[in-house]
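Colleague: I have just opened this one and would like a guided look. Could you walk me through it, starting with the terms I will need?

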Amino acid sequence: FNKLMDHKFSAIIEARMLSSRLEGKVLKKIHNKEILRHIIERVKKSQCLDNVVVATTKNRKDDKIISLLKKLKINFFRGSSQNVLDRIIRCADKYKINYIVRITADNPFTDYKLIDYMINHFNKCTDIDFLANNHYGDPKKRIIAYGLDLSLFSLSSLKKVRKLSNKKKIFLEYPTLYYHTKGKHLFKIKNILLARQMIINNNYRLTIDTQDDFEFIKRIFKEYKKVYRKYDYLEINKIRNILNKKKSLIKINNKIKQFVPEV
């Protein structure tokens with residue numbers, strides 16, 4: 001019988017200190033732990049990942065990120081601060097990664113169950129190049145909260161993106177944008193519809209772009225401690241439960257506009 005190919009996936013977490021709206025956010029602490037560390041610990045619970053690597057930049061400000069990663073014994077790569085596309089490709093080449101789960105270090109509730117669900121789905125599809133869970137970032141179609149976004153793709157297809165995108169700045173900065181814009185007829189792309197228990201709806205911002213976002217995430221942790229008496233893994237359904245109970249929390253950051261790159 002023909003068993004479908006089980007692709008070996010690794011997570012590449014993009015992290016850097018420079019951020020136009022909230023500098024150094026990836027190392028800001030919630031419950032005595034850096035946001036980046038929260039993400040790494042959550043991702044490492046995955047049953048389907050071969051490796052977790054952080055792709056940061058050669059900027060001296062990112063030396064602080066490297067110090068943390070060395071302490072945590074996490075693999076890292078330093079590349080271009082402007083050309084994120086090239087940074088991911090070089091990182092994947094260095095660690096011999098053929099299939100990538102792309103994660104950004106401003107999403108503290110990145111969920112390992114979501115990662116495993118999407119990897120299993122990717123493995124059931126034949127010849128898929130790119131799998132998303134956020135309707136390709138379309139604000140009119142997206143169902144999930146900002147901050148639960150994940151994308152999975154093959155390194156070989158990303159190298160094609162590098163060739164096809166003609167060094168256009170927007171594609172270098174947003175490496176997966178090409179798949180579902182200019183490249184939607186050239187690549188086999190798919191948006192996955194998630195089970196309801198895996199979703200927090202798109203009224204909420206669970207990503208950290210601004211100080212208000214940071215305050216919002218801190219409050220979720222605080223309320224979590226009150227309800228569940230301890231900090232264990234903040235499950236999606238438990239976070240949803242807290243948000244449903246404390247409806248006023250949404251006011252902290254619901255005025256923030258999410259930047260959506262356009263081609």
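Modeller: Let us begin with a term: a residue is called buried when its relative accessible area is under 20%, exposed when it is over 50%, and partly exposed in between. Please keep in mind as well that this is a predicted model.

Colleague: Okay, which residues are buried in α4?

Modeller: In helix α4, which covers residues 112–124, the buried residues are Tyr112, Leu114, Ile115, Asp116, Met118, Ile119, Phe122 and Asn123.

Colleague: And what do the buried residues of α4 pack against?

Modeller: They pack against β1 (9–14), α1 (35–43), β4, β6 (99–104), β7 (130–132) and β8 (151–154).

Colleague: What should the 13 residues of α4 span, and how far apart are its end C-alpha atoms?

Modeller: At 1.5 Å a residue the expected span is 18 Å, and the end C-alpha atoms are 19 Å apart, so the two values agree.

Colleague: Back to β4 for a moment. In which sense does it pair with β5?

Modeller: Strand β4 (residues 49–57) and strand β5 (residues 75–79) pair in the parallel sense, over five bridges. One of the bridge partnerships joins Thr57 to Gly79, the latter in β5. Between β4 and β5 the chain passes through helix α2 (residues 63–72), and this β-α-β crossover is right-handed.

Colleague: Lys73 is in the loop between α2 and β5. Is it buried or exposed?

Modeller: Lys73 counts as exposed, because its relative accessibility is 73% and the cut-off for exposed is over 50%. Its C-alpha atom is separated by 26 Å from that of Lys230, with their positions 157 residues apart along the chain.

Colleague: New topic: how many aromatic pairs does a search of the whole structure find?

Modeller: The search finds twelve aromatic pairs. In the pair of Tyr224 and Tyr228, the ring centres are 4.7 Å apart and the planes meet at 40°, so this pair is tilted. Both residues lie in helix α8 (residues 211–228), four residues apart, which is about one turn of the helix.

Colleague: Are Tyr224 and Tyr228 buried or exposed?

Modeller: Tyr224 is buried, with a relative accessible area of 0%, whereas Tyr228 is partly exposed at 23%.

Colleague: Which residues form the aromatic cluster?

Modeller: Phe130, Tyr136, Phe153, Tyr179 and Phe187 form one aromatic cluster. Two of these, Phe130 and Phe153, are also in contact with Thr176, as are Arg102 and Ser151, when its neighbours within four places in sequence are left aside.

Colleague: Where does Thr176 lie, and is it buried or exposed?

Modeller: Thr176 lies in the loop between α6 (169–173) and α7, and because its relative accessibility is 9%, it counts as buried.

Colleague: What about Lys184, where does that lie?

Modeller: Lys184 lies in the loop between α7 (177–180) and β9 (189–191), and it is partly exposed, with a relative accessible area of 44%. Its contacts, apart from neighbours within four places in sequence, are Tyr178, Tyr179 and Ile189. Lys184 and Phe130 are 54 residues apart in sequence, and their C-alpha atoms are 10.0 Å apart in space.

Colleague: Last one: which ring does Arg42 lie over, and which ring does Arg142 lie over?

Modeller: Arg42 lies over the face of Tyr233, at 4.1 Å from the ring centre, while Arg142 lies over the face of Tyr146, at 3.9 Å from the ring centre.

Conventions. Residues numbered from 1 in each chain as written. Predicted model: local features only at pLDDT ≥ 70, side-chain atom pairs only at ≥ 80, totals over all residues. Heavy atoms only, no water. Helix = DSSP H or I, 4+ residues; strand = E, 2+ residues; numbered from the N terminus. Buried < 20%, exposed > 50% of the residue type's maximum accessible area, 1.4 Å probe, protein only. Contact = heavy atoms within 4.5 Å. Pairing = 2+ DSSP bridges. Right-handed = clockwise from strand over helix to strand, strands pointing away. Phe/Tyr/Trp six-rings, centres within 6.5 Å; stacked < 30°, edge-to-face > 60°. Lys NZ or Arg CZ within 6 Å of the ring centre and 35° of its normal. Expected span 1.5 Å × (residues − 1).
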